[in-house]
Amino acid sequence: MAKDTLTITDNRTGKSYECPIQSGTIRAMDLRQIRTSDDDFGLMTYDPGFTNTASCQSQITFIDGEKGILQYRGYPIEELAEKSTFLAVAYLLLDGELPSESELEEWRSEIVQHTMVHENIKHFMDEFHHDAHPMGILLSTVGALSTFYPDARDLSDPVNRRLQIVRLIAKMPTLASFAYRHRMGMPYSYPDNSLSYTGNFLSMMFKMAEPQYEVNPVLEQALDLLFILHADHEQNCSTNAMRSVASSKTDPFSAAAAAIAALYGPLHGGANEAVLRMLTEIGSPAGIPDFMARVKSGKARLMGFGHRVYKNYDPRARIIKEMSDRVFEVTGRNPMLDLALELEEIALKDDYFVKRKLYPNVDFYSGLIYQSMGIPVDMFSVLFAIGRTVGWLAQWEEMLLDSEQKIARPRQIYTGQQFRHLD
Ligand code: ACO
């Protein structure tokens, strides 16, 4: 008998089946042959939330959740965080290799040519309510890009796909900053293409009447690093939404709008916003015991803690925590930091969290940094979306080129009534 197989005995029939094992998985369709009779549909797996189901083969991001390892295209996140830039990492995620100096310069100038958005986008942004959540504005305007670029529907041409990728990466900071300025009642600020990708974003966010915005290099580097840390995270909720929606062969802007919608939720990208709201609610170290009691009785969640994949310290959280000192030297220490540190210390010693392997994730500290930079809480997940757009697009193209992929269409176990009749 071959070694890499699984033998399954169906105790309902006494029959045995042999399924090949490849890369630690069996093919779900191999179970379909397991039937009790000819008219039996065949065995399926039941896996709400895809907790144990691989939906694709991917070469982009590797995570070992038990060991707390994260790699982009084989490079440790720690090295990329220390030595690379967001645009170089974007190139890496999309193309598989880090760019040479000349390739990076070419890539940067490609991006820079597409930072502007059609004036009509500005006009319809104006129509959002004054206090509209910027994430809602972002997801609508990214979806609307599909109406400005109908050529994006041609998915078969690699040059055309590349153009849409460049367009979206280039326009995300512009749309994000416009959403912020609308929220603040400030005039939109146009891109300054003499600045870096991240410097230009800071300029579009905060430029007032000065001829050129002076970017603080520490904050620019910190934000660039945060974009790197958020750039991809294999098959997370929003990436799964991107792949799933795009599997119907819709255009990438519509699929990215769906990914942004998934990221918006408090269990995913909305968690950094939820952490800040939670810290505000706890108020001071004196409020921690009460809050912890609520968490342990299931009435609240410690936001920024826990992860589907990491059962160890999220390596991104460690990098952010280390970088926060440099930011606070410029901005002044965020008064919430001490509360967050104390909360972390208490949680990491508490049996409830130890038993469930709940550690701080990327969102536990990122919000504190954003807040210190003067970015309002409801912009946090928008910043996450800027970084993650690269991952969505890399995963999108990988999916399109994967001949095994089909339209995403899960099965269900029907539990309702059947064959009823109207009298
Ligand atoms: N606070 C308290 N308890 C928690 C937390 C938390 N943050 N996270 C998980 N648990 C508990 C659950 O109640 C559950 O306990 P039980 O076994 O007694 O029922 C157990 O730990 C397992 O949790 P699940 O919800 O089953 O884990 P899952 O993998 O489905 O969820 C998730 C992962 C959504 C990230 C969860 O840990 C969570 O809600 N965390 C808070 C929100 C957050 O920080 N999200 C950001 C994730 S990172 C990102 O998306 C960028």
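This is a short exchange on a ligand site and a helix crossing in a predicted model.

Modeller: Local features need pLDDT of at least 70, side-chain atom pairs count only at pLDDT 80 or more, and totals for chains, interfaces and linings use all residues. Residues are numbered from 1 along each chain as its sequence is written, and side-chain values use heavy atoms, without hydrogens and water.

Colleague: What makes Leu-302 a polar contact of the ligand?

Modeller: A polar backbone atom of Leu-302 is 2.7 Å from a nitrogen atom of the ligand. A polar contact is a pair of N or O atoms within 3.5 Å, so the pair qualifies. Leu-267 has a backbone N or O atom 3.0 Å from a ligand nitrogen, and for Phe-305 the distance from a polar backbone atom to a ligand nitrogen is 2.9 Å.

Colleague: How much of the ligand's accessible area does the protein cover?

Modeller: The protein covers 72% of the 910 Å² that the ligand has on its own, by the Shrake-Rupley method with a 1.4 Å probe.

Colleague: Which residues are closest among those that surround the ligand?

Modeller: His-268, Arg-301, Leu-302, Gly-304 and Arg-308 are the closest of 19 residues; a residue counts if one of its heavy atoms lies within 4 Å.

Colleague: Why is the crossing of helix 8 and helix 17 called right-handed?

Modeller: The axes, lines fitted to C-alpha atoms over the stretch in contact with angles from 0 to 180 degrees between N-to-C directions, cross at roughly 65° and come within 7 Å. Right-handed means that the near helix is turned clockwise from the far one by less than a right angle, so the name applies to helix 8 passing helix 17.

Key: Helices (H or I, at least four residues) and strands (E, at least two) are DSSP runs, numbered from the N terminus. A polar contact is a pair of N or O atoms within 3.5 Å; within protein, one must be able to donate a hydrogen and the other to accept it, and residues adjacent in sequence count only if both atoms are side-chain atoms.
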